[in-house]
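Visitor: I'm new here, and I'd like someone to walk me through this one. Can I just ask things as they come to me?

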Amino acid sequence: VSPVTTTRISTPAGLPGLIEALAATTPKSRLLAGGTDLVRAMTQDHWTPDLIIDLSGIPELHGVQTGAGCLRIGATTTFSEIATDEVVWRHARCLAEAADVVGAVQTRNIATIGGNVGNASPCGDSIPALLALDATAVIVDAIGETSERRVGQIVTGPGTTSLRHDQAIVEFAIPTPPDGSRSTYAKLGSRTMVSVARIGMALVVRLEPADRTILEARVGIGALGETAFRAADLERLLTGRRADEATRDAFIAACPRVAQNAIPGRYSLPYKQEAIRGVAADAWAKLDLDE
Ligand SMILES: Cc1cc2nc3c(=O)[nH]c(=O)nc-3n(C[C@H](O)[C@H](O)[C@H](O)COP(=O)(O)OP(=O)(O)OC[C@H]3O[C@@H](n4cnc5c(N)ncnc54)[C@H](O)[C@@H]3O)c2cc1C
């Protein structure tokens, strides 16, 4: 006789209700945003949480706002909303571009940025962009305390995060980029529009306007190893160089070693080494550094 499992559903209408609901969670409880990952996992694995907290009715978790030196994107903001937000395009272009290539439009209309980070897939498109943008997540817990954590400290492995079951991401804070900054996201997938990223690269650079020296570079890479990561070697290589063809060539040439370090000995390494060169070339071209 199979055990009867029942799931309680909580539908808080605001942050106080969420905090109350978080206090009732156990390790078997789950937050539900768009459900594109959670519902699939429950169906595939024939698994039922003891409590589902539906985040869709909490206004404090939703939308894009600017202020106090940063852009704030609520956890339940969908990728369609991010990809069509003019402010995100202006301040965090790589994130808007990453949002624009998540799945097909049907997925983007319901999939959220908080769910993408909460799901912690190595292929999650928003994660390399958030890493390159130096984003932090604002987290609330069951006693109503809020804390901030870098996105790189949240995603700890494939499908695992440092979040406790009684914590939820409220929003992401992205520092307003200084003048001379630009960013982009390039992705190589098995199919172009409906694919989970085989490799994604977010590139953020800040240029000295007079001589086009790269003052700062941040490179986030996804779908290359167990979690998305910042490629410190590539960042060091770019910083201090002129944004010219020689730097572009050196940047692309350094990419296979990044793949080698990320997935040594993996059967897919030769493919990924070639793929990352193509993604790096795309990202560089999309930055329009020759303007
Ligand atoms: C057909 C299809 C195509 C896809 N293509 C892509 C793609 O190209 N790129 C890509 O990156 N992804 C892709 N995905 C995966 C998925 O759509 C994304 O990961 C999505 O962003 C998950 O968001 P969600 O709102 O649906 O999360 P949910 O499924 O609701 O939740 C996912 C996980 O995150 C947790 N969670 C949700 N919200 C929060 C929060 N606020 N705080 C803490 N934890 C939270 C949940 O408890 C759950 O464990 C695809 C999925 C499908 C079905």
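Visitor: Which residues have the most contacts inside the largest nonpolar core?

Guide: Keep in mind as we go that this is a predicted model. The largest nonpolar core has 38 residues. Inside that core, the ones with the most contacts are Leu95, Leu130 and Ile174.

Visitor: Let's stay with Leu95. Which residues is Leu95 in contact with, leaving aside its neighbours within four places in sequence?

Guide: A contact here takes heavy atoms within 4.5 Å. Two of the partners, Leu130 and Ile174, are named with Leu95 for having the most contacts inside the largest nonpolar core. Leaving aside neighbours within four places in sequence, the list for Leu95 runs Ile73, Ile82, Ile113, Ser126, Ala129, Leu130, Leu133 and Ile174.

Visitor: How many residues are in the other core that lies apart from it?

Guide: Among the members of that other core are Met201, Val205, Ala217 and Ala259. Its size is 30 residues.

Visitor: Is Ala96 buried or exposed?

Guide: Ala96 sits in helix α5, residues 93-100. Not counting residues up to four places away in sequence, Ala96 touches Ile82, Ala83, Val88 and Trp89. Buried means under 20% relative accessible area. With a value of 0%, Ala96 is therefore buried.

Visitor: And what separates the C-alpha atoms of Ala96 and Phe79?

Guide: Along the chain, Ala96 and Phe79 are 17 residues apart. In space, the separation between their C-alpha atoms is 8.2 Å.

Visitor: On to helix α1. Why do the buried residues of α1 line one face of the helix?

Guide: The buried residues of α1 (residues 15-22) are Leu18, Ile19, Ala21 and Leu22. Looking down the axis of α1, these buried residues fall within an arc, so they line one face of the helix. On the other side of α1, Pro16 and Glu20 are exposed. The arc that holds the buried residues is 165°.

Visitor: What covers the buried residues of α1?

Guide: One link shows up at Ser10 in strand β1, which is in contact with Ala21, one of the buried residues of α1. The cover includes β1 (8-10), β2 (30-32), β3 (51-54), β6 (136-141) and β10 (167-175).

Visitor: Does Ser10 count as buried or exposed?

Guide: Leaving aside neighbours within four places in sequence, Ser10 is in contact with Ala21, Leu51, Ile52, Ile53 and Asp54. Its relative accessibility is 17%, and the cut-off for buried is under 20%. So Ser10 counts as buried.

Visitor: What about Leu61, is that buried or exposed?

Guide: Leu61 lies in the loop between β3 and β4 (64-67). Its contacts beyond four places in sequence include Leu15, Leu18, Gly74 and Ile169. At 0% relative accessibility, Leu61 counts as buried.

Visitor: Let's move to the pockets. Which elements give two or more residues to the lining of the second largest pocket?

Guide: The second largest pocket has a volume of about 310 Å³. Of its 18 lining residues, Arg90, Arg93, Ser181, Arg182 and Ser183 lie nearest its centre. By class, the lining has seven nonpolar, four polar and seven charged residues. The elements giving two or more residues to this lining are α4 (86-91) and β11 (181-189).

Visitor: Which residue of Tyr185's surroundings has its C-alpha atom separated from that of Tyr185 by 5.8 Å?

Guide: Tyr185 is found in strand β11. With a relative accessible area of 3%, Tyr185 is buried. Along the chain, the partner is 87 residues apart from Tyr185, and its name is Ala98.

Visitor: What is the phi of Asp134?

Guide: Most residues other than glycine have a negative phi. Asp134 is found in the loop between α8 (126-132) and β6, and at 25% relative accessibility it counts as partly exposed. Although Asp134 is not a glycine, its phi is positive, at about 60°.

Visitor: Is Ala223 buried or exposed?

Guide: Ala223 lies in the loop between β13 (214-222) and β14 (229-230). Ala223 also has a positive phi, of about 60°, although it is not a glycine. With a relative accessible area of 7%, Ala223 is buried.

Visitor: Last one: is Pro264 buried or exposed?

Guide: Pro264 lies in the loop between α11 (245-262) and α12 (269-286). Exposed means over 50% relative accessible area. With a value of 54%, Pro264 is exposed.

Conventions. Residues are numbered from 1 along each chain as its sequence is written. This is a predicted model: local features need pLDDT of at least 70, side-chain atom pairs count only at pLDDT 80 or more; totals for chains, interfaces and linings use all residues. Side-chain values use heavy atoms; hydrogens and water are left out. On a 1 Å grid over the protein atoms alone, a cavity is a set of points where a 1.4 Å probe fits but cannot get out, and a pocket is an open set with protein on both sides within 12 Å along at least five of seven lines; lining residues have an atom within 4 Å of a point. Grid points are joined across faces, edges and corners, and a volume is the space filled by probe spheres set on the points. Helices (H or I, at least four residues) and strands (E, at least two) are DSSP runs, numbered from the N terminus. Ala, Val, Leu, Ile, Met, Phe, Trp, Tyr, Cys and Pro count as nonpolar, Asp, Glu, Lys and Arg as charged, and the others, Gly among them, as polar. Buried means under 20% relative accessible area, exposed over 50%, partly exposed in between (1.4 Å probe, protein chains only). The arc is that of the directions from the helix axis to the C-beta atoms. A nonpolar core is a set of buried Ala, Val, Leu, Ile, Met, Phe, Trp, Tyr and Cys residues joined through side-chain atoms within 4.5 Å.
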